[in-house]
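Open the model in a viewer and keep the sequence panel visible. The stops below are given in the order in which to select them.

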Amino acid sequence: MLNKFGHNSLYAITDREIAGLEHPQIVSEFLVGGAKVIQLREKKASTKDFYEAALESVKLTKQKGACLIINDRVDIAEMVGADGVHLGQDDIAPEKARLILGDSAIIGISTHSMEQALIADKLPVDYIAVGPIFPSLTKPEASDSVLDKQIGLKLLEDVCKLVTKPVVAIGGITLDNALSVLATGAGLVAVISDLAKYGNISQRTSKFLEKLNN
């Protein structure tokens, strides 16, 4: 259980290209499906467009009592009043993000090895994302990069045993393998592609939650 989230199992992440929808539309679908933890992931939009999408998405999540995390952009998270931010290894330091967003904000960080996870465990973050667990479905063109060398379930389980902070597993997670990922001790499974690629996002979200929480 992630204390600040107040919910466990599914961490739903938006992807406009896979879904063919804008962020607020995807968020709305996630919410209809019952998602309570949502991240806005955006790599290409202008700051203005991402800000506007984030602002609308925050309004939607607040109406449903859900949690909205902004990927990378601490500035946008602060401006729109998001619940928190997710940081990569090359983003602003968690210590600085904490100063900007305050103690109540949810701050997570991506890690891709045991060494990075152990370092992250000592940082002022609320959760540690570990991955990719399986070959990433969202970065097939980068199979030789460090981000696409899969961690696997054994290393994920080892990380979960050694760190004190909740773990969010990410990378190639599908409806078929999600339970095996949670069985390692991870608090949540982060899902991108498998929520969006089938055309009915709300229905797929509901299926994930039903499977993970039963």
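The tour starts at a central strand, moves to its neighbours, and ends at a few single residues.

This is a predicted model, in which local features need pLDDT of at least 70 and side-chain atom pairs count only at pLDDT 80 or more, while totals for chains, interfaces and linings use all residues. Residues are numbered from 1 along each chain as its sequence is written, and side-chain values use heavy atoms, with hydrogens and water left out.

**Stop 1: strand β5**

Select residues 106-111, which form strand β5. Helices (H or I, at least four residues) and strands (E, at least two) are DSSP runs, numbered from the N terminus. In β5, 6 of 6 residues are buried; buried means under 20% relative accessible area, exposed over 50%, and partly exposed in between, with a 1.4 Å probe and protein chains only. In a regular strand the side chains alternate between the two faces of the sheet. Colour I106, G108 and S110 for one side of β5, and I107, I109 and T111 for the other; both sides are covered.

**Stop 2: β4 and helix α5**

Add residues 84-87, strand β4, which runs parallel to β5 and is joined to β5 by 4 bridges. Two strands pair if DSSP finds at least two bridges between them. To find the register, pick G84, whose bridge partner in β5 is I106.

Now show α5, residues 94-101, which makes a right-handed β-α-β unit with β4 and β5. Right-handed means that, with the strands pointing away from the viewer, the path from the first strand over the helix to the second runs clockwise.

Which residues of α5 are buried? They are P94, A97, R98 and L101. These residues lie on the same side of α5, because they cover an arc of only 100 degrees around the axis; the arc is that of the directions from the helix axis to the C-beta atoms. The buried residues of α5 pack against α4 (74-80), β4 and β5. Rotate to the face of α5 turned away from that buried side, and the exposed residues K96 and L99 appear. Just after α5 comes G102, with a positive phi near 90 degrees.

**Stop 3: β6 and D126**

Select β6, residues 127-130. β5 and β6 pair in the parallel sense over 4 bridges. Two pairs to label are G108 opposite Y127 and T111 opposite V130. β5, α6 and β6 make another right-handed β-α-β unit. Both faces of β6 are covered, with Y127 and A129 buried on one side and I128 and V130 buried on the other.

Continue from β6 to strand β7, residues 167-170, which runs parallel to β6 and is joined to β6 by 3 bridges. V130 has A169 as its bridge partner in β7.

Go back to D126, in the loop between α6 (114-120) and β6. The side chains of D126 and R98 are joined by a polar contact of 2.9 Å. A polar contact is a pair of N or O atoms within 3.5 Å; within protein, one must be able to donate a hydrogen and the other to accept it, and residues adjacent in sequence count only if both atoms are side-chain atoms. Leaving aside neighbours within four places in sequence, the contacts of D126 (heavy atoms within 4.5 Å) include K4, A105, K165 and P166.

**Stop 4: backbone exceptions**

Most residues other than glycine have a negative phi, and most peptide bonds are trans. Select D72, in the loop between β3 (67-71) and α4; D72 is not a glycine, yet has a positive phi of about 75 degrees. Then select G131 and P132, which are joined by a cis peptide bond with omega about 0 degrees. P132 sits in the loop between β6 and α7 (152-162).

**Stop 5: cysteines**

How many disulfides does the structure hold? The number is 0, where a disulfide is a pair of cysteine sulfur atoms within 2.5 Å. Select C67 and C160: the sulfur of C67 has its closest cysteine sulfur in C160, 20 Å away, too far for a bond. C67 is buried at a relative accessible area of 7%, and C160 is buried at 16%.

**Stop 6: R204**

Finish in α10, residues 201-212, with R204. R204 counts as buried at 14% relative accessibility. Beyond its neighbours within four places in sequence, R204 is in contact with L175, D194, L195 and Y198. Draw a C-alpha to C-alpha distance from R204 to E29: they are 175 residues apart in sequence and 9.5 Å apart in space.
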